[in-house]
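Reader: I should be grateful for a close look at a single part of this structure. Please begin with one residue and then place it in its wider setting.

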Amino acid sequence: MNDDIFDEIESDDDEETEATVVSDTLYIPLANKSLKEITLAFTVPDNIEPVTVKGLTLGWTKSALHELSTIQKAACKGDSAIKNLPYASLRGLLEVGLDSAARIQSNVGLSNYSLNSKSVNEPEPFAYLNSESTQDIQKALRPIINEWITNFLKPFAEKEDGLVEVIDRLEDLHDRKELLTITPSESQVLPWKWNPNTGTTKHSNNYDYRVLVDYAARAIAGKEIFQELGTMKRVISSSGSLTTGMAELITDPITLPDTTGTFSLVVRLEVVTYPSLHQPLLKIDVSKRRWLSGLQPARYNSANISGFVFSDDYSDRTFRYTVLSDSEKPEKNQPDKKKNWFWAIDKDFEALRGKLKLPLKTPNGQNIDGSQIALGKASTERCQVMLTYRNGLQEGKHGIEAGVPEIDKLEAFEKIAEILNLLGFKPFDNYSEVKIKGTSHTKDNTASRMINLPTLLGAALEILEKGDCPDFTPKYLEKFKESLKDDPLNSLLAKHLDMKLEKILGGRKTLKFHSKSLNQTDELKAMIQANQEAMRRLYPNEKLLLVIFYEEQCQTELKMLQAIIRVLWGDTIELMANRLPANTHGPKESLPGANLKAKERSQNRIKAWESIVQQLALRKQRTFCLVMAREWYPDKKHDDSVNKPSSRQALAKIAGSCVQFLLPIEKTKDKNILNLDNFSHRVQAALKDLLWAHSGRIDDVKEKVDKWLKDTPQEARPKEIIGITIVRKQKGRARGSIEKTFLPIAMRLNVETGECELCCAYDRNSLQISPWSKFSDAIAFISQISPVKLADKEDVRRNRFMEFVKQIISNSVEEGNQPLVTIDSSNCVKLWSWLADSKMNANQINFETQSGSPLHEHMEQEWKGARIIRIRQDLAPGIIDKKVRYLTETSLEDTRTKKELTSTLEIPSASSVKGLFRLSATNQTGCVAYRDLNKF
């Protein structure tokens, strides 16, 4: 890794004349020269000599899964929650005990689905081993399975009656070598074949992605990638399926001088494909994984924390474990006793502890739990035990910033290139930048920018003080100077917002302008004007009603919220404040029906909303609701999980309202100091989501279309822009299969008027497609759909989604709208196979069923005049600019001008690349692939 001083030097791409000290010598930067743009990916030539990898896969037998399923069902009997078998401990034992382990599925094949599968096929393998000796693996597995059954599975099963015989049968299967299957595996890693119709690479079986990425990861593991940071260690266990094409390698924990906090550098490898490329790409990414140095007390509903053990005895791998939030079980005679939450270690850590000789207790006799691990009390001379940092888990901020300098990414890429070159990999260089002559794109963030606290609060207080303020006073707050006798700013805050400077985090300093918080009065005025124009455009003949629902103790938040809304929207919105109805928010224990199931509790909450919602419905006015309620209540009790969805459904179903939630002002624990800056930011974000995102606001659509398609005849330009995607519970790209709960939606933007409409597809015993309606009305309608699904069966879901897409595009084309259609293939590819790289062909757009039979063919003929853009997220490799920075040695007495200086020092440098890049590959499909690097 490069020295800190080099990171500082390379951080600015512009030439400077300011002197820099390097190794006690004074230097002046002269120039910054770009050497080459590097894509962070590798490929192989088509004619590479075939590479075959042999190994073994590990899986359960059907008999074993039957017995293990019996144990799990007994453990779950009479309990609505699913109890997992202690598979985490088995995973830990396998990671340490099997030296040849290349990949182990995190649930080791014991997921609830696997245990209850009715498939007649053999169970899927859960581990891949870099070994060809079945005998050696059987020998290594015997003590591992013995220890797991004895120390983990038996204690789990003994809690239930009648399972002794089941354990006996499992041990008998183990003795007869019928518990696990060990199967030889042989795969051709390289080269891959390609589709003759599209020229795009295609895998031969589901394991090709995994085999290829493991082949590369195995070559890198145990080698030094970053200078003086030691060898890279492979993360063996995988949270995804065994077929995933991703692998991670990580450095030992790093501590930098004069900083607090530790971190590791992570190299992620991923196999991806691209349209028209004959071979897959192996892309790399470098990130930081920061480690905790302390841990806040556990709470109800705290998310699990992943941890890693770095052992000096294992130079090529690290071991994953989990810490989770748990509570002490109440005594039988004290069922209502307050629960005490703590950070418990999962069974995987217990398995690792024995094998890696980790301590049971701290030096002062405390049990090792998550809190002690974060403090370093579980580490030994040969093992570092770390917990992954996440915002909010420890007191204060981490001492290390997130993100990795581009120069470190370049260092990793060039070192990996040396290693992979021996295997036949070459750097991928088939990108070329798209240069648009005679025009430039300036990003307009008038509507999306955030106004800082000194500017926004100053404007709000000026309006409150003067009653009406057509022209804001720049730096209004600075007019109020503090004196020995009084502080007029304090009086102003107390008068209008019921707060004082000493109660604001940072005090007066927070309300002052400085280099990182500039005066934004002009930007604020531009935003206000844009807001008013957008409101008139989106809702020309109506005045919106914005209702703030708040809890009684949120008076300060309410006053500030009302003032901000008045500043940003003026009188274009009717504003109403109302107390939250009783029994709609709060801890489960304090609300009616505490012992009921979630569905019944939700019905109670919706009923509590009925009176006020019916009053809103009678107004027959377009309504947006901002609900301000706490997440945590006294005694660390969490807001009941059914409250938010119930509030949203009640307001949408009866009053047709769009809903957004906002947490009150954050306060410090000791003195209740208000984090006003954070609240101001969250208020603006919540209002933009509620009023603009829910209205589908996009400014200057026609101007942008005319500008960028000026060479296209007017009659051929798109009259509407359509976007098609699916909305899922889980954000981002689905790496595996898509669950049943998702909603296909289509959005269309009228180019002439800028009006945005939305429709969706859902199930009511048949495919239902809602009519196009205003964005806000459609969102309110979607909130009422329950259950959210397209069909129960996968093949029916696929067919219905394709029918939805066909109808949306075909109708637009028939109406002569020349639509520009964007389709989010990141998840939709699971529902329409034509979106896959290997099948995408503009000359043959087909809809096929899951079995491959045609549903609709040659849509390119029916869709003439439409432009289709497939958008894919999170797969394209990054691009960096390799540079060299020239400096010259100087001194305070040096009288030479900059032109007279010559370089005496060259420092490697790198920066990120912005722009639009085109894939330069032989194309036979009529499709062109682009890479957008956020220039626009």
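Author: Let us begin with Pro 45, whose relative accessibility is 33%, so it counts as partly exposed: the value lies between the 20% below which a residue is buried and the 50% above which it is exposed. The model is a predicted one. Pro 45 sits in the loop that joins strand S3 (41-43) to strand S4 (51-60). Once its neighbours within four places in sequence are set aside, Pro 45 is in contact with Gln 279 and Gly 424. The second of these partners deserves attention: Pro 45 and Gly 424 are separated by 379 residues in sequence, yet their C-alpha atoms are 8.1 Å apart in space.

That pairing may be set beside a figure for the whole chain. Of the contacts between residues at least 6 apart in sequence, 72% join residues at least 24 apart.

A second residue offers a contrast in accessibility. Glu 406 has a relative accessible area of 16% and is therefore buried, since the cut-off is under 20%. Glu 406 belongs to helix H10, which covers residues 406-421. Apart from neighbours within four places in sequence, Glu 406 is in contact with Ile 880, Ala 910, Ser 911 and Ser 912.

Burial can also be followed along a whole element, helix H14 (residues 555-569). At 1.5 Å a residue, the 15 residues of H14 should span 21 Å, and the end C-alpha atoms are indeed 21 Å apart, which agrees. Of these 15 residues, 11 are buried, so H14 is largely enclosed by the rest of the structure. Among the buried residues of H14 are Leu 558, Leu 561, Ile 565 and Leu 568, and Glu 557 is also one of them. An α-helix has 3.6 residues a turn, so residues three or four places apart point the same way. Just after H14, Gly 570 takes a positive phi of about 55°.

Finally, we turn to the chain that holds these parts. Its secondary structure comes to 22 helices and 40 strands. The radius of gyration is 31 Å, close to the 30 Å that the globule rule gives for 936 residues, so the chain is as compact as a globular protein of that length. Along the principal axes, the C-alpha atoms fill a box of roughly 85 × 85 × 70 Å. Buried residues make up 50% of the 936 residues. The accessible surface of the chain is about 46300 Å², and carbon and sulfur atoms account for 47% of that area.

Key. Residues are numbered from 1 along each chain as its sequence is written. This is a predicted model: local features need pLDDT of at least 70, side-chain atom pairs count only at pLDDT 80 or more; totals for chains, interfaces and linings use all residues. Side-chain values use heavy atoms; hydrogens and water are left out. Helices (H or I, at least four residues) and strands (E, at least two) are DSSP runs, numbered from the N terminus. The radius of gyration is taken over C-alpha atoms; the globule rule is 2.2 Å times the number of residues to the power 0.38. Buried means under 20% relative accessible area, exposed over 50%, partly exposed in between (1.4 Å probe, protein chains only). Contact means heavy atoms within 4.5 Å. Accessible areas come from the Shrake-Rupley method with a 1.4 Å probe; for residues, only the protein chains shown count as cover. The expected span of a helix is 1.5 Å times one less than its number of residues.
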